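Welcome, and please open the model in your favourite viewer. We will go from the whole chain to a few individual residues.

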Amino acid sequence: MKDFYLEGATRIAELIIGKARELKATDGAVLVFPHKSVDGDCIGSSTAVVSLFRTLGANAWVCMPEELPANMSFLGVDDLLFYPSSDFGVSDMNVNGKKYELAFSVDCSEGHRMGDNCRIFELYDDALDIDHHEVSHLAGPLKWIEPGASSACEMVFYTACRIAVILNVPLSDIIGQRTAKCLMAGIVTDTGRFTYTNTKPETLESAGELMELGGNITEVCYNLFDMKTPSEFAISSAACSSAEFYCGGKLAIAKVTSEMFRKFNAGHDEISDVVSRLRDVGGVEFACVLRETDGETIRGNLRSKTDFDCSVFAEKYGGGGHKRAAGFTVKNKDIDELAEEIISEASKFL
């Protein structure tokens, strides 16, 4: 672990140990909040944090904003997940019979990125947080914000390392095989299998240690990147084939309509590879995939290569993310009109 991670990892480790003892004494519970449109990093980090609390004897669950994608079922984390009802957080504040006393966010720091779970998260002003997005205006003693880290999972790994040191136990007592697999999933997701510029020497060292702890990188990468159902293969191929290029080939955009999902009998998560495939086309600097997720909602996924800042662009539509990868969700927009708007806006920077 690099020295510049040490302070934040130690601080959060001490908080987790202290809060776990308090929750154990009161039989209370912590809810861990990932962002909506879940991915490998937010699921990996949130389930790992829950596992840390449970290892320390406290009740903990991930407060899920949506169903776990099918390609993540291999993680085997169903027992760590909690799906709140529409009125949860208004009255009894119980999580599986335990009083919800603590909120902990991972891979995001702001409630508006958590979908409907925002209403629950924002009931607590003193939430703990681990995040690698640039949100320095939210910095505080309960938060570890580290934009230099490859992923929230890398940060949770360092936190677990510090917990092991503080408690003077082997790291394998803190990170079991399942947790190692979950943390590996987040790291390979946010580094693009160690090909993105956010991959640092310490990132590779962390992945190596996770392999020794049981994080099977071959299994993780196959399930997250390579395995395709017939419907996923069909709709991804159709989406790529229908993509259009603008700005002298620097902009690639694909529209995936509800009709396409019905035609190929595909789920909304089955085109996750399309935006990266478009970004990888020679000459493309910025790629955008728009997908209709229901009658009123469109999800946008953005990727870039060099100077184009996806996170700034996503903010125009109420989203966010990283410079090279970001996303947003809009409602009550026509997908063709939205595409034309994005083409017009993006052309100003390409």
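What follows is a walk through this model, starting with overall dimensions and ending with backbone angles.

Before anything else, keep in mind that the model you are looking at is predicted. The protein chain contains 13 helices and 13 strands. Along the principal axes, its C-alpha atoms fill a box of roughly 60 × 45 × 40 Å. Is that a compact arrangement? A better way to put it is to ask what radius of gyration a compact globule of 350 residues would have. The expected value is near 20 Å, and the protein chain has 20 Å, so the two agree.

The contacts add to this picture. Among contacts in the protein chain with a separation of 6 or more, 65% are between residues 24 or more positions apart. As for burial, 54% of the 350 residues count as buried. The accessible surface comes to about 15000 Å², and carbon and sulfur atoms account for 49% of that surface. If you like to think about charges, the protein chain carries 34 positive and 53 negative side chains. The centres of these two sets lie 1 Å apart.

Now let us turn to a sheet. Six strands make up an open sheet with mixed pairing, in the order β8-β9-β10-β11-β13-β12. Which strands stand at the edges? They are β8 (244-246) and β12 (320-321), and each has a single partner strand, so one side of each is left without a neighbour in the sheet. As a reminder, strands of a sheet pair through backbone hydrogen bonds, either parallel or antiparallel.

Within this sheet, β11 is a good strand to follow. On one side, β10 (residues 286-292) pairs with β11 in the antiparallel sense over seven bridges, and a hairpin of four residues joins β10 to β11. One register point to check is Ala287, whose bridge partner in β11 is Arg303. The other partner is β13 (residues 325-331), which runs antiparallel to β11 (residues 297-304) and is joined to it by seven bridges. Here, Gly300 has Phe328 as its bridge partner in β13, while Leu302 stands opposite Ala326.

How many of the eight residues of β11 are buried? The count is eight of eight, so the strand is mostly covered. Thr297, Arg299, Asn301 and Arg303 point one way from β11, whereas Ile298, Gly300, Leu302 and Ser304 point the other way, and all are buried.

Finally, have a look at the backbone angles. Most residues other than glycine have a negative phi, and most peptide bonds are trans. Asp27 has a phi near 60 degrees, a positive value in a residue other than glycine. You will find Asp27 in the loop between α1 (3-26) and β1 (29-33). With a relative accessible area of 41%, Asp27 is partly exposed.

Cys247 also has a positive phi, about 55 degrees, although it is not a glycine. The place to look for Cys247 is the loop between β8 and β9 (251-256). Its relative accessible area is 27%, and Cys247 is therefore partly exposed.

Notes: Residues numbered from 1 in each chain as written. Predicted model: local features only at pLDDT ≥ 70, side-chain atom pairs only at ≥ 80, totals over all residues. Heavy atoms only, no water. Helix = DSSP H or I, 4+ residues; strand = E, 2+ residues; numbered from the N terminus. Rg over C-alpha atoms; globule rule 2.2 N^0.38 Å. Buried < 20%, exposed > 50% of the residue type's maximum accessible area, 1.4 Å probe, protein only. Contact = heavy atoms within 4.5 Å. Areas by Shrake-Rupley, 256 points an atom, 1.4 Å probe, with all protein chains shown as cover. Lys, Arg positive; Asp, Glu negative; His and termini not counted. Charge placed at Lys NZ, Arg CZ, Asp CG, Glu CD. Pairing = 2+ DSSP bridges.
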